[in-house]
Amino acid sequence: MKKMMVGFAALTVASALAETVTYQIPSGWDNTPNLSAQSYSNSTLSVTNLWSDGLAAHGGADYVFPGTARLYVPAKYSWTSDYVFPGSSITMKPTGDGKNYWQWHSKSLTITNLIIETGATVNFVSGTSDLTTPVVKPLKGESWTLNGSLSLSSSQMNRAFDLVAPLSGSGSLYFTGWCEANNSYYKPVESSVSGDNSAYSGSFSFDMPYATNLAYSTGVKIASAKAMGGALAEANPKAVTLASFNGLHATQSLTLDAVNRGYCVSNGYFEADAGITLTLKAPLRLMKGGFYQRGAGTFALASTTLDFGEDGTDAADGENSRFVICSGTFKPMSEVVRKLDVVFEDVAMLALDAQPADATLATNGFCCRSVALEGAYLNVRIDFDGTQAGPGSVSSVVLCTVSAEEAARLQGRLRVFVADATRTTEAEITREVLVDGRVRLTAHVVAPARRIVIERDAQDGFVAQNLTAAQVGVSGDVVLVNGGAVIESVEACRHLIATLGADVRDVKAREIKLEGFANGVTPFVDVEIEGQVGSVRSVYAVVLPQITYTGTGGYYDNYLEIGDKDDVAKTVWKWSDQQAAHCGADYVIGKSFTGRTTGDNIRAFPGRSLCLQNDMLLGCFAGQYVISNLTLVAGRSFGIESKTQYHTKYSLVSTGGWNVDGTLSLRPINQAAQFVLSAELTGTGRVEFAGWKSGTWTGAGLDQEISSTNGVFKGRFLVALPETTSASLARGITIAHPYALGGAMDAFTYDALELRDWQGLKITESMTLATPNRGILMGTNAFFEVASGKTLALCEPLRVKRGFMKRGAGTLAFGAPVLLGADGQADPDGVNNKLTIEAGGFKPLTTDGLEKLDLVFAEGSKLVIDAESSDPDVQAKGLSLPRETGLTVSGERFPVEIETIMTNKPDHAKSVRLMTLPTATANALVSKIDVTIPTIRGGMARLSVVPAGDGLARIEARILPKSGLLVAVF
């Protein structure tokens with residue numbers, strides 16, 4: 001009886017199992033069945049005898065493919081429909097020497113449970129009738145078990161896959177393909193792996209063999225480390241292979257650290273989006289070609305194992321060990337970087353921890369086999385993690401340990417700044433010669449103020465935190481991040497956000513900000529601090545209601561008045577609170593409209609803040625315009641347009657700041673109008689000084705002015721004022737501080753400042769333009785103008801469309817990398833590379849950018865040479881212009897001024913290299929040179945021409961010592 005019960009139970013279970021249906025292998029054309037069972041040429045799957053149950057494929061059955069077949073999946077009457085295989089599962093059996101091909105034209109393919117058994121080989125082939133449009137095809141399912149081999153083959157580089165189905169098993173997954181036509185015909189498109197594959201112990205191979213360089217690379221995007229599989233029981237140095245200019249592209253910050261899952265790279269790359277950090281802790285093996293870093297984000301190399309060659313036993317040879325940082329930020333976090341030959345291209349950055357966890361990095365800094373800089377400078381960022389000494393303290397950070405020769409090349413080319421600081425930190429760099437002859441370069445930097453983030457919980461509001469002086473600092477930011485429900489503008493909200501310890505001095509209200517609220521709009525936050533300094537105090541954030549603009553349009557009804565008249569545009573029904581605009585409220589305008597001003601003198605919008613969520617054009621008359629805490633959202637434009645024909649000044653001020661994520665366009669109607677921007681800017685948008693010339697205006701124009709310090713603004717500036725072809729009428733913008741033009745950007749931007757034809761940047765105070773990742777685009781006859789007695793040190797990369805100019809009686813100290821032509825790829829042609837020094841001084845800071853240029857010194861201009869230059873090339877060459885047309889001197893005499901620390905009575909002779917020129921040019925020029933030495937009254941110098949090889953010669957000046965009225969002659 002007992003046995004009968006067991007048998008009955010087994011029978012019951014079996015009957016509940018899904019039916020197993022086997023595919024009947026046909027031959028000839030019948031071996032390319034149409035899985036969708038739809039009407040199509042060669043559509044044989046609808047023939048019932050192809051399945052062992054005599055039915056077309058249906059739900060509730062488990063399907064088995066026992067052999068080799070081509071499976072064709074077109075979409076019925078459409079090339080863009082999705083396709084779902086109806087069965088509960090489909091199992092692919094080993095096929096001997098054959099392979100199962102699935103080719104489909106559908107948009108996506110869903111297989112609920114795909115099982116590829118050990119020994120089975122399956123190839124998914126993308127197909128489509130559209131040969132040029134990029135197509136990404138999702139692969140979906142609940143569970144795909146991969147114990148055999150699965151290839152995702154794109155027929156050309158604009159075909160890609162998004163593997164959404166989660167993987168398990170221990171097989172092999174290949175992203176591969178072939179190209180049907182000329183590479184240049186297609187636009188590369190990336191695949192992606194977006195499923196949770198932490199249960200997968202197999203291997204990945206990304207080797208789409210289309211590209212021969214990074215321009216045609218077709219990488220794979222991932223947003224989670226789980227996409228790349230889970231931990232392995234044994235070490236597999238090739239668990240992930242990146243080859244043939246294919247790579248991993250991180251769209252979210254993640255760390256690749258699965259146990260025993262190694263990464264093998266041969267001409268592959270790692271890429272991170274702006275603001276994203278991709279950290280590699282997994283073992284790394286490098287093959288022929290080395291690897292690359294791409295993207296605007298950060299690649300952190302934290303691997304503790306790095307080897308070379310097929311079996312990991314090769315030596316680093318400069319080819320397999322080559323690491324090229326094309327863009328973004330590279331952060332070494334382990335000592336394996338010492339095995340690499342590193343190349344920093346123009347826009348790349350090096351990031352170092354102030355206190356690295358790795359002992360070798362703490363002692364030696366960035367130390368590698370060799371380092372090369374493609375640009376004039378290398379930006380080095382020091383990262384503080386918030387646990388180091390308090391704000392204002394000086395930290396010593398080892399930058400690098402290199403050979404004496406490399407130290408000489410690097411010193412003077414390293415620009416150090418501190419992360420999260422709004423301005424570049426002046427860092428003292430010292431050098432120490434070690435016992436083995438290498439040189440250690442150390443930066444002494446000031447620790448920045450802390451930036452405390454307090455997240456808002458959806459239920460509990462802001463959670464109070466006890467902040468100490470070491471955390472906040474005197475000028476630290478406390479940032480509130482909305483992590484829960486949106487705060488609507490219905491009623492005032494008051495949240496306890498923090499308590500301040502007795503050792504914390506006052507925190508100013510402007511230093512507490514709010515981020516991440518509705519529609520990307522940041523409400524204005526008032527801050528209340530209860531208690532006395534020296535005791536524990538409570539900090540509250542007060543969010544006031546947002547009042548919206550409800551005007552419906554019409555000729556006059558769609559105007560917003562900013563002024564002191566109470567006319568139709570200020571009637572109460574235009575605002576959601578049914579009141580005229582008033583003080584103490586936050587205002588939001590969500591429609592496109594035109595504004596105008598009324599009244600005289602100061603026009604002040606009375607609200608606490610104003611947010612523009614759509615386009616606005618404000619017509620202005622003379623005077624001062626005050627809009628406190630203006631927010632302009634991304635994709636929208638706020639135009640402020642002058643409305644007068646006379647010399648008129650428009651002052652744009654704010655008691656808070658202007659957050660510009662869209663386009664702020666300041667439009668003088670003619671050359672008579674002048675905008676003075678004194679509102680402090682934040683955001684990532686663009687500020688345009690652009691206008692047009694009135695038909696009746698012929699006089700000299702006024703310059704625009706930026707008087708604010710915008711060190712946290714990450715946006716761009718455009719100067720495109722009314723056009724002129726006359727140097728006497730050329731205009732520009734005037735600044736007195738380098739951060740008027742914004743702070744460091746997240747990624748290099750070649751047109752962070754664009755000066756259109758005959759537009760200029762005018763400097764009224766001495767300054768250095770060396771802000772990380774900011775480039776300058778110069779139009780035809782664009783210019784830099786430096787005020788008398790001032791010096792502009794220009795170190796930001798230039799892209800020059802045509803010739804440009806230096807104007808003004810001050811000195812232009814030139815250390816900028818230079819690219820020529822609209823795309824930066826042109827060769828010097830005697831026009832696009834011409835720099836005319838109309839007046840004042842020109843001083844070389846480096847030789848790199850100048851050797852592409854042809855310099856024309858107008859009569860009265862002068863060359864300035866620093867006898868104590870920190871750049872070894874300038875010391876060795878002076879002004880280096882190797883081109884035959886490199887130097888033109890217009891006047892009868894050529895003034896050359898030598899800057900030196902030698903005093904009025906030098907006690908020794910000193911030789912200074914002034915210029916390195918073609919030999920014929922040097923011989924013809926030397927007799928025209930007049931040398932002055934400002935620090936030596938009546939100083940004298942003897943000139944000579946010295947051969948320098950390769951058809952070049954150096955003009956040298958020997959400063960002669962003096963003793964009273966006697967001059968020693970050598």
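This passage describes the overall make-up of a predicted protein model, two of its sheets, its salt bridges and the surroundings of two residues.

The structure is a predicted model, in which local features need a pLDDT of at least 70 and side-chain atom pairs count only at pLDDT 80 or more, whereas totals for chains, interfaces and linings use all residues. Residues are numbered from 1 along each chain as its sequence is written, and side-chain values use heavy atoms, with hydrogens and water left out.

The protein has six helices and 88 strands, where helices (H or I, at least four residues) and strands (E, at least two) are DSSP runs numbered from the N terminus. Of the 970 residues, 52% are buried; here buried means under 20% relative accessible area, exposed means over 50%, and partly exposed lies in between (1.4 Å probe, protein chains only). The protein exposes about 39800 Å², and carbon and sulfur atoms supply 51% of this area, as computed by the Shrake-Rupley method with a 1.4 Å probe, with only the protein chains shown counting as cover for residues. Among contacts with a separation of 6 or more, 68% are between residues 24 or more positions apart, a contact being heavy atoms within 4.5 Å.

Two open sheets are described next. Strands of a sheet pair through backbone hydrogen bonds, either parallel or antiparallel, and two strands are taken to pair if DSSP finds at least two bridges between them. One open sheet has seven strands in the order β68-β71-β74-β77-β79-β82-β84, with parallel pairing. Its edge strands, each of which pairs on one side only, are β68 (767–769) and β84 (929–932). Neighbouring strands of this sheet are turned by 25° against each other on average, direction ignored; the axes are lines fitted to C-alpha atoms, for helices over the stretch in contact, and angles run from 0 to 180 degrees between N-to-C directions. Within this sheet, β77 (residues 841–844) and β79 (residues 862–866) run parallel and are joined by two bridges, and the bridge partner of F842 in β79 is L863.

A three-stranded open sheet has the order β35-β38-β37 and antiparallel pairing. Strands β35 (394–402) and β37 (428–433) form its edges, each pairing on one side only, and the twist averages 25° from one strand to the next. Six bridges join β37 to the antiparallel strand β38 (residues 439–446), where L441 is the bridge partner of R431.

A search of the whole structure finds 27 salt bridges, a salt bridge being a side-chain nitrogen of Lys or Arg within 4 Å of a carboxyl oxygen of Asp or Glu. One of them joins the side chains of E310 and K238 at 2.3 Å, N to O. Because E310 lies in the loop between β28 (306–308) and β29 (322–325) and K238 lies in strand β19 (residues 236–243), the pair ties together parts that are 72 residues apart in sequence. E310 is exposed, with a relative accessible area of 52%, whereas K238 is partly exposed at 27%.

The side chains of D854 and R883 also meet in a salt bridge (2.9 Å, N to O). D854 is in strand β78 (residues 854–857) and R883 is in the loop between β80 (879–880) and β81 (887–889), so this pair ties together parts that are 29 residues apart in sequence. At 5% relative accessibility D854 counts as buried, while R883, at 23%, counts as partly exposed. A further salt bridge is formed by the side chains of E432 and R440 (3.1 Å, N to O), of which E432 is partly exposed at 40% and R440 is buried at 16%. In addition, K331, D353, R381 and D383 are linked in a network of salt bridges.

Two buried loop residues complete the description. F366 lies in the loop between α2 (359–364) and β33 (370–373) and has a relative accessible area of 4%. Leaving aside neighbours within four places in sequence, the contacts of F366 include F330, P332, V337, F344 and L399. The C-alpha atoms of F366 and M333, which are 33 residues apart along the chain, are separated by 9.4 Å.

N614 lies in the loop between β52 (609–612) and β53 (616–620) and is buried at 15% relative accessible area. Its side chain makes a polar contact with the side chain of R636 (3.4 Å); a polar contact is a pair of N or O atoms within 3.5 Å, of which, within protein, one must be able to donate a hydrogen and the other to accept it, and residues adjacent in sequence count only if both atoms are side-chain atoms. Beyond neighbours within four places in sequence, N614 is in contact with I589, G590, K591, S592, R636 and S637.
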